[in-house]
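User: I am new to reading structures, and I would like to learn how to go from a picture to careful statements. Could you take me through one slowly?

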Amino acid sequence: MTLSTEYSNDNKQFVIHVKGKFDFGLVQQFRQSYAELKDGAETVVVDFRETEYIDSCALGMLLNMRKSVGVGEKNFHLVNCRPEIRNILEIARFDKLFHID
Amino acid sequence: MMRVLIVDDQAANRLLLSDMVRGFGYQCLTVNDGADALAVYPRFTPDLVLLDVLMPGLSGLATAPKLKQLAGEVHLPIIFITALDEQETLLQCLEAGGDDFISKPFEPVVLEAKLRAHMRTRELSSSLAEKNKALAYHSSRIEREHQIVEHIFQNSLAHNYLDYPNLHTYLSPMSMFNGDLLLAAPGPLGNIYVLLGDFTGHGLSAAVGALPTSQTFFSLTEQGASVGEIVREINKRLHHLLPTDMFLAALVVELSASGERVSYWNGGIPPAVLLGADQRAWAALQPQHLALGILTDNEFDSRVSSLRVSPDDSLVLYTDGLTELPAEQGMLGVDGVRELLQGCTNMGELTAAVQRLMIGRKQRDDVSMAWLRCRPTGLKPRQDNTTPSGIPFEVKIRLHSEDIQQLDPVNQIVRDLSHIPGFGLVKSQLFTVLQEAYSNALEHGLLQLDSSLKSTPEGFEQYYQLYQERLQALQHGWIEFGIEYCPARRYLKLRVTDSGTGFSHAELVAEEPTDDGFGRGLQLIRQLTSELCWNDNGRTVECILPM
């Protein structure tokens, strides 16, 4: 299982974990993961702690998520990034669109 | 058979007494004076002494204390033989250590009764001495075992990172034997983990449970596991190992490298308090779960909570030893702890405040506390420190349509290369660059896909559907990787060529990232590499990845 999701205790946070490669192979799975987001969830968190690689397609998927879940309505956090992955997110200027931690 | 030593200077008395004593069923030895009595003592080891008061040489009064001394820990009854009923002599006999008197003429019934009574005392004392000895043995054995467990425990906690500068703790010195456990460990991302635990029970059993807990904690934190994974694994191990009535209340906290995000799971620990810069408690990490070791893995709920914190915040963790401290009305309680914290700006002040509460009162439970400052951790993400390989090489990999359909080439190439010393450091960048170049060659060179499709979320997915369809239908074509490692100049020269028709790259070499996928991919390659160029009418892309 390369992609798993969970809600926090208070259901206010929805967390997506991506294991290993975050690339075009996850296009459908990733979109489905947030398709039925509960109303109470205020923040969508993508946890990169187990993500080894990402490519530009993953960047596209993150942008799509932001667009379809609703910019302005939810907070989007990209957390636990390794320095290399953080570097890629910063090159793509994602720090302007997401809260990167 | 119990032994009676008869000490008398008069032969008649000796004869009379020894006859009677033997008749009662005791073994018996007679001597003439005090000096002889002391001389035979080690050999005969009497259980009771009949001692004459007035004897030439060492008198009975002088002999009695010496006999008592020889007897050591086990009580040796001494009955004085006396013809006198002078009050004063009797008093002296008692002071000399005498336990009873028998006066001449001897009355057999009285003598027997006295002997039996004192023999019983002797027996009781002797069995008590045996038990004391056994007790002392067990006590020293437990002491030794505690030392061994403590030793093992200290070693297993050798990596406990309680010296982390932003973490201050208060633990009683023998805390492992009262069941409290405080663990801290840095993660590979520069993050820090803290576990505060409280085992049911005390003593060795609590310490034994701490071993698998700390081992699991340290091994998972080293891998950078999430709080949810850590508590799930500890729960699984403890549920398997511990008896039903034993469990671990625990609070596991992770502070991100930036110091801005706290994730936690609390099973049965009093609510840890988040203090703002003004010392006001603005949040509490409430216990939301059952303690660890109670539920099966299927029943277990590993959901965590998280909070955003700022650099002036502090997180104060404590066990129920603190809430149970005596206060004006009953116990301090959770509210009392909050009040106590209002006046504290650091661990030193909190410790002083807690110790003031303890003065003159018997502590019911041991108090463990930790004060974590929510600042950027300053911990360096873990890095590969191996010396890069000194052997230059060049590889060429040509993939034909069937390879392209079946393999996940970039992932495999990067995985294999990352085993070469020094490549671990750049594997992520290498993956991204090769993957972008490969995707470009495949999607545009071989599959002739149009990037503009990706500009809407629907189109994005449609694009990848089309990608799958065309890939499956692919009959001809190839993609070739060229990878050249130059250790002297510390770089990797990367080349990706495809058999497609090529394209004018000029339209793609826009400086600003566009919103479509390829523009973004190109931007990544451009930032991660140098000397990026296209050849063969756009069919070959080349670049240099510094190492």
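Analyst: We will go through the contact between the chains, then one residue in it, then the cysteines and the backbone. Please keep in mind that this is a predicted model.

User: How much area do chain A and chain B bury between them, and how many residues does each chain bring to the contact?

Analyst: The size of an interface is often given as the accessible area lost when the parts come together. Here chain A and chain B bury about 3,800 Å² between them, with 53% of that area on carbon and sulfur atoms, and the contact takes 40 residues from chain A and 45 residues from chain B. Within the area that chain A buries against chain B, Asn9(A), Arg49(A) and Tyr53(A) supply 19%, which is more than any other three residues.

User: How many salt bridges and polar contacts are there between chain A and chain B?

Analyst: There are 5 salt bridges between the two chains, and one that you can look up is formed by Glu52(A) with Lys427(B), where the closest N and O atoms are 3.2 Å apart. The count of residue pairs in polar contact between chain A and chain B is 21, with both residues of a pair at pLDDT 80 or more.

User: Which element of chain A gives the most to the side that touches chain B?

Analyst: Several elements of chain A each supply at least two residues to that side, among them β2 (13-18), α1 (27-33) and β5 (51-54), but α2(A) gives the most, with 8 residues. Sorted by class, the side of chain A that touches chain B has 16 nonpolar, 13 polar and 11 charged residues.

User: Let us look at Gln13(A): is this residue buried or exposed?

Analyst: A residue counts as buried when its relative accessible area is under 20%, so Gln13(A), at 12%, is buried. Gln13(A) lies in strand β2 of chain A, and its side chain makes a polar contact of 2.6 Å with the side chain of Ser306(B). Leaving aside residues up to four places away in sequence, Gln13(A) touches residues of both chains, including Tyr7(A), Val45(A) and Arg261(B).

User: How many disulfides does a search of the whole structure find?

Analyst: The search finds 0 disulfides over all chains. A disulfide needs two cysteine sulfur atoms within 2.5 Å, and for Cys486(B) the nearest cysteine sulfur, that of Cys543(B), is 15 Å away. Cys486(B) is buried because its relative accessibility is 17%. Cys533(B) is likewise in no disulfide, with the sulfur of Cys543(B) 8.5 Å away as its nearest cysteine sulfur, and a relative accessibility of 28% makes Cys533(B) partly exposed.

User: Where should I look for a cis peptide bond, and which residues other than glycine have a positive phi?

Analyst: Most residues other than glycine have a negative phi, and most peptide bonds are trans. In this model a cis peptide bond joins Lys104(B) and Pro105(B), with omega at about -5 degrees, and Pro105(B) sits in the loop between β5 (100-103) and α5 (108-156) of chain B. Positive phi values include those of Thr45(B), near 35 degrees, and Asn537(B), near 60 degrees. Thr45(B) belongs to the loop between α2 (34-44) and β3 (48-52) of chain B and is partly exposed, with a relative accessible area of 33%. Asn537(B) belongs to the loop between β19 (530-535) and β20 (540-546) of chain B, and its relative accessible area of 55% makes Asn537(B) exposed.

Key
Residues numbered from 1 in each chain as written. Chains lettered and ligands numbered in written order. Predicted model: local features only at pLDDT ≥ 70, side-chain atom pairs only at ≥ 80, totals over all residues. Heavy atoms only, no water. Contact = heavy atoms within 4.5 Å. Buried area = accessible area lost by both parts, 1.4 Å probe. Salt bridge = Lys/Arg side-chain N within 4 Å of Asp/Glu carboxyl O. Polar contact = N/O pair within 3.5 Å; in protein donor to acceptor, adjacent residues only side chain to side chain. Helix = DSSP H or I, 4+ residues; strand = E, 2+ residues; numbered from the N terminus. Nonpolar A, V, L, I, M, F, W, Y, C, P; charged D, E, K, R; others polar. Buried < 20%, exposed > 50% of the residue type's maximum accessible area, 1.4 Å probe, protein only.
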